[in-house]
Amino acid sequence: LASAAEFDIFSGNADSLKRLLDSALTEPGVIGAAFLDPAGKVLASTLPASELPPPEEVFVGFQPPRDTRLIVHWHVQPILPASNGETDLFSGTIEPPPPLLGQLLIQVSMASMHEEVRKHALNAAFISALILLFGVLLALLLSRGLIRARTDIRRVVEGIGRGRLDL
């Protein structure tokens, strides 16, 4: 999304930026998004500017927060101009980083992912319980067959001991 917005930010095409943000809302877990210029001014947003978070509440990049209790959180991704220049490893010159064109703010909800994990955990527990039940039933059937055979052998041996040879 950030790379798709590069030209629109450079040219100031707010309508196209808004369409990009609207398409981002169709992705699962995305609640809100905004494009900001380098100074932090809102260029396009799916939310009112008053609902955008202060910088200290935003996670840089797209790694989920360490605090798993945070269900809804904001991420920021810098928008940099594309660079196709060749670099020479042996020249020793280091090119300065490209200027920041803007930032993509995106609000993500982990609720659907948590629900999916919960659903899979319940399925795994149900399947495990079925396998355990099958194992217990199989053990009962096998042990019952062994006990029955042992009882029959004992009966025959006792009969032979009493002199009954017709068993």
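Biologist: What percentage of the 167 residues of the chain count as buried?

Modeller: This is a predicted model, and a residue is taken as buried when its relative accessible area is under 20%. Of the 167 residues of the chain, the share that counts as buried is 24%.

Biologist: How much of the accessible surface of the chain belongs to carbon and sulfur atoms?

Modeller: The accessible surface of the chain comes to about 12,400 Å². The part of that surface that belongs to carbon and sulfur atoms is 63%.

Biologist: In what order do the elements of the chain run from the N terminus on?

Modeller: The secondary structure of the chain comes to 3 helices and 5 strands. Read from the N terminus on, these elements run α-α-β-β-β-β-β-α.

Biologist: Which strands pair with strand 5, and in what sense?

Modeller: Strand 5 covers residues 102-109, and its pairing with strand 1, residues 30-36, is antiparallel over 6 bridges. Within this pairing, Val30 stands opposite Val108 of strand 5. Strand 5 also pairs in the antiparallel sense over 8 bridges with strand 4, residues 72-79, where Trp74 stands opposite Gln107. The partners of strand 5 therefore include strand 1 and strand 4, and the sense in these pairings is antiparallel.

Biologist: Why is strand 5 described as largely enclosed by the rest of the structure?

Modeller: The description rests on how many residues of strand 5 fall under the 20% limit for being buried. Strand 5 is largely enclosed by the rest of the structure because the buried residues in it number 7 of the 8.

Biologist: Is Gln107 buried or exposed?

Modeller: Gln107 lies in strand 5, and, leaving aside residues up to four places away in sequence, it touches Gly29, Val30, Ile31, Gly32, Leu47, Val72, His73 and Trp74. The relative accessible area of Gln107 is 14%, and the limit for being buried is under 20%, so Gln107 counts as buried.

Biologist: Which elements give two or more residues to the largest nonpolar core?

Modeller: The largest nonpolar core has 15 residues, and those that touch the most other members are Ala5, Ile9, Leu17, Leu21, Phe35, Ile79 and Leu104. The elements that give two or more residues to this core are helix 2 (14-24), strand 1 and strand 5.

Biologist: How many residues make up the second, separate core?

Modeller: This second core stands apart from the largest one, and Ala34, Leu36, Leu47 and Leu105 are among its members. The number of residues in this second core is 8.

Biologist: Which residues does Leu17 touch, not counting residues up to four places away in sequence?

Modeller: Leu17 is one of the residues that touch the most other members of the largest nonpolar core. With residues up to four places away in sequence left out, the residues that Leu17 touches are Ala5, Asp8, Ile9, Phe35, Leu43 and Ala44.

Biologist: What share of the contacts with a separation of 6 or more comes from residues 24 or more positions apart?

Modeller: Here the contacts in the chain with a separation of 6 or more are taken as the whole. Of these, the share that residues 24 or more positions apart account for is 55%.

Biologist: How far apart along helix 3 are Glu115 and Arg118, whose side chains meet in a salt bridge?

Modeller: Side chains of opposite charge can pair when their charged atoms come close. The side chains of Glu115 and Arg118 meet at 2.9 Å, N to O, and Glu115 is partly exposed at 40% relative accessibility, as is Arg118 at 44%. Because they are 3 residues apart in helix 3, the separation of Glu115 and Arg118 is about one helical turn.

Biologist: Which residues are joined into one network by salt bridges that share partners?

Modeller: A search of the whole structure finds 6 salt bridges, and one of them, at 3.8 Å, N to O, is made by the side chains of Arg162 and Glu158. Arg162 counts as exposed at 66% relative accessibility, whereas Glu158 counts as partly exposed at 36%. The network made by salt bridges that share partners joins Arg154, Glu158 and Arg162.

Biologist: What is the area of the nonpolar surface patch that includes Leu137?

Modeller: Leu137 is found in helix 3, residues 111-161, and counts as partly exposed at 46% relative accessibility. The patch is made by Phe126, Ile127, Leu130, Ile131, Leu132, Leu133, Val136, Leu137 and Leu140, and its area is about 900 Å².

Note on methods. Residues numbered from 1 in each chain as written. Predicted model: local features only at pLDDT ≥ 70, side-chain atom pairs only at ≥ 80, totals over all residues. Heavy atoms only, no water. Patch = residues over 30% accessible without salt bridge, like charges linked within 9 Å, V, L, I, M, F, W, Y side chains within 5 Å. Areas by Shrake-Rupley, 256 points an atom, 1.4 Å probe, with all protein chains shown as cover. Salt bridge = Lys/Arg side-chain N within 4 Å of Asp/Glu carboxyl O. Helix = DSSP H or I, 4+ residues; strand = E, 2+ residues; numbered from the N terminus. Buried < 20%, exposed > 50% of the residue type's maximum accessible area, 1.4 Å probe, protein only. Pairing = 2+ DSSP bridges. Contact = heavy atoms within 4.5 Å. Core = buried A, V, L, I, M, F, W, Y, C linked by side-chain atoms within 4.5 Å.
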